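These are my notebook entries on a single chain, kept in the order in which I looked things up. I began with the backbone, went on to the aromatic rings and the ligand, and ended with the loops.

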Amino acid sequence: MTDRALLDRARRVLPGGVNSPVRAFLSVGGEPPFVARGAGCRIWDSEGREYLDFVGSWGPLILGHAHPEVLEAVTRTARDGLTFGATCALEVELAEAVLARFPFAEKLRFTSSGTEAVMSAVRLARGATGRPRIVKFDGCYHGHADGLLVKAGSGLATFGTPSSAGVPAAVAALTDVLPLDDEAAARALFERCGREIACVIIEPLPANAGLLVQRLEFLRTLRALCSQHGALLLFDEVISGFRVAPGGMTQLTCIAPDLVTVGKIVGGGMPVGACLGPATLMDQLAPLGPVYQAGTLSGNPVAMAAGLATLRVLERPGTYERLEALGVRLGDGWRTALRRAGAKGDVARVGSILWACLQDGPPSRTWGCIRPDGAQAYATFHRECLRRGVWLAPSYYEVAFVGTAHDEAAIDRALAVFSEALAAAAAPA
Ligand code: PMP
């Protein structure tokens, strides 16, 4: 069946033809191909066209598609049953493996998505502090729980929606939104209502509204303010966890948050999230404590096996050095391609996460500094790349990922395509 025919069928039964909004390609235009299969750093659509993939399922696939060791673990585990709703040894093993990488934490709770991990962490923060308010940052995305859909990035950045319909004003009113990169604004808020704040939640490496690399000093100030005012600091490492280092930004910044949420890579391509922290906090969760949290498929054995296999491969010596080298190659080459084409823009990069900020000057650190005309330039660039077999995120505001399945040849091929795409975009229509 052709992609076109599939799209028609999909649109009849799935709102927008998708199960997650950015997949509909609305902000870049064109029709989304249907992905039929993936191997390593490549995917193929239902008509057999091949693409070099720099989305990696939006982050989980740091080892690439269908990694043999992950597949082996998944199929071996699946043969013994898909789910039991009772605790299995793999949950304990993956919990130990995650906690070994985040030594500030002693216990964790698995969920089936990043959204649920964050929802659980926020409820835990409120339950533990007895306070109602939460603080988030403009442009940071933490999944689609009601109280966090306020000035969020990701799909909402794509659609320019400040928040979502269906979020009651009373719920949104308990969320304070601060600008990134602004210590004074954070201090002022804490002075005003510090005693009501249960937690400050931040992506320590904001990667859902472009890649807004924060100053270490800013993150340290948040740590200090939270400690001073009895609020919890929650690092949402759903993207950065296991990606920028085994222990994510928590490891790289040497800042100890009170709670961390992870997702994506921890499930190795299967649906997993987790909320982790010190035992005193985590033991406030049911069944030990008063904060309710649960999930029929939480700790699913097949998903645990995929996560464990992924973390084991990642821990091999040289993995993060390799990811860094590949990231440098793509980032430097992309920047050069922009310059040579006379196009506006620079590339922000941390390890294997990259974002081309298509405006003059250095890449921005705040959502407010991103100028919307970059999105138009990106839409054309995206289309030209897709036609030439390079699969980038179908939104200006989403980052690109490289993984261990990419190699120099794949990156150089992508860079050649970037140059052609930029030239095609610059050519008169
Ligand atoms: N937090 C962050 C930082 C994310 O990037 C995402 C998803 N991109 C989420 C939470 C939500 O995760 P999920 O889509 O698995 O619910």
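Before placing any residue in a loop, I note that helices (H or I, at least four residues) and strands (E, at least two) are taken here as DSSP runs, numbered from the N terminus. I also note that the model is predicted.

**Entry 1: backbone**

I started from the general expectation that most residues other than glycine have a negative phi, and that most peptide bonds are trans. Where does Phe242 lie? I found Phe242 in the loop between β8 (232–236) and α9 (248–253), and its phi is near 65 degrees, a positive value in a residue other than glycine. I looked up its accessibility as well, and at 1% relative accessibility Phe242 counts as buried, the limit for that word being under 20%.

Ser57 also drew my attention, with a positive phi of about 55 degrees although it is not a glycine. I placed Ser57 in the loop between β3 (50–53) and α2 (68–78), and I recorded a relative accessible area of 41%, which makes Ser57 partly exposed.

I then turned to the peptide bonds and noted that the one from Ala286 to Pro287 is cis, with omega near 15 degrees. Pro287 belongs to the loop between α10 (279–282) and α11 (301–314), a loop to which I return in Entry 5.

**Entry 2: aromatic pairs**

How many aromatic pairs does a search of the whole structure find? I recorded twelve. One of them is formed by Phe137 and Phe218, which I logged as edge-to-face, at 5.7 Å centre to centre and with 80 degrees between the planes. Because Phe137 lies in strand β5 (residues 133–137) and Phe218 in helix α8 (residues 216–229), this pair ties together parts that are 81 residues apart in sequence. I checked both partners for exposure: Phe137 is buried, with a relative accessible area of 0%, and Phe218, at 0% relative accessibility, counts as buried too.

I next took up Trp334 and Phe418, whose ring centres are 4.7 Å apart and whose planes stand at 45 degrees, so the pair is tilted. Since Trp334 lies in helix α12 (residues 319–340) and Phe418 in helix α14 (residues 408–426), the pair ties together parts that are 84 residues apart in sequence. I found both Trp334 and Phe418 to be buried. I also noted that these two residues belong to one aromatic cluster, whose other members are Trp355, Trp367, Tyr378, Phe381, Tyr396 and Tyr397.

**Entry 3: a charge over a ring**

I looked for a charged side chain over a ring and recorded Arg37, which lies over the face of Trp44 at 4.1 Å from the ring centre.

**Entry 4: the ligand**

Which residues are around the ligand? I listed Ser113, Gly114, Thr115, Tyr141, His142, Gly143, Glu203, Asn208, Asp236, Val238, Ile239 and Lys264. Sorted by class, this shell holds three nonpolar, six polar and three charged residues.

I then looked up individual contacts, and found an N or O atom in the side chain of Thr115 at 2.5 Å from an oxygen atom of the ligand. A polar side-chain atom of Asp236 lies 2.6 Å from a nitrogen atom of the ligand, whereas for Tyr141 I noted a backbone N or O atom, 3.5 Å from a nitrogen atom of the ligand. Taken alone the ligand exposes 390 Å², and I recorded that the protein buries 82% of that.

**Entry 5: back to the loops**

In the loop between α10 and α11 I looked up Asn300, which is buried, with a relative accessible area of 14%. Polar atoms of the Asn300 side chain lie 3.1 Å from the backbone nitrogen of Val302 and 3.0 Å from the backbone nitrogen of Ala303.

Gln293 has its place in the loop between α10 and α11 as well, and I noted it as buried, with a relative accessible area of 7%. Its side chain is joined to that of Arg109 by a polar contact of 3.0 Å and to that of Ser120 by one of 3.1 Å.

Last, I went back to the loop between β8 and α9 for Ala245, which at 4% relative accessibility counts as buried. I recorded 9.9 Å between the C-alpha atoms of Ala245 and Glu315, residues that stand 70 apart along the chain.

Definitions and conventions:
Residues numbered from 1 in each chain as written. Heavy atoms only, no water. Buried < 20%, exposed > 50% of the residue type's maximum accessible area, 1.4 Å probe, protein only. Phe/Tyr/Trp six-rings, centres within 6.5 Å; stacked < 30°, edge-to-face > 60°. Lys NZ or Arg CZ within 6 Å of the ring centre and 35° of its normal. Near = heavy atom within 4 Å. Polar contact = N/O pair within 3.5 Å; in protein donor to acceptor, adjacent residues only side chain to side chain. Areas by Shrake-Rupley, 256 points an atom, 1.4 Å probe, with all protein chains shown as cover. Nonpolar A, V, L, I, M, F, W, Y, C, P; charged D, E, K, R; others polar.
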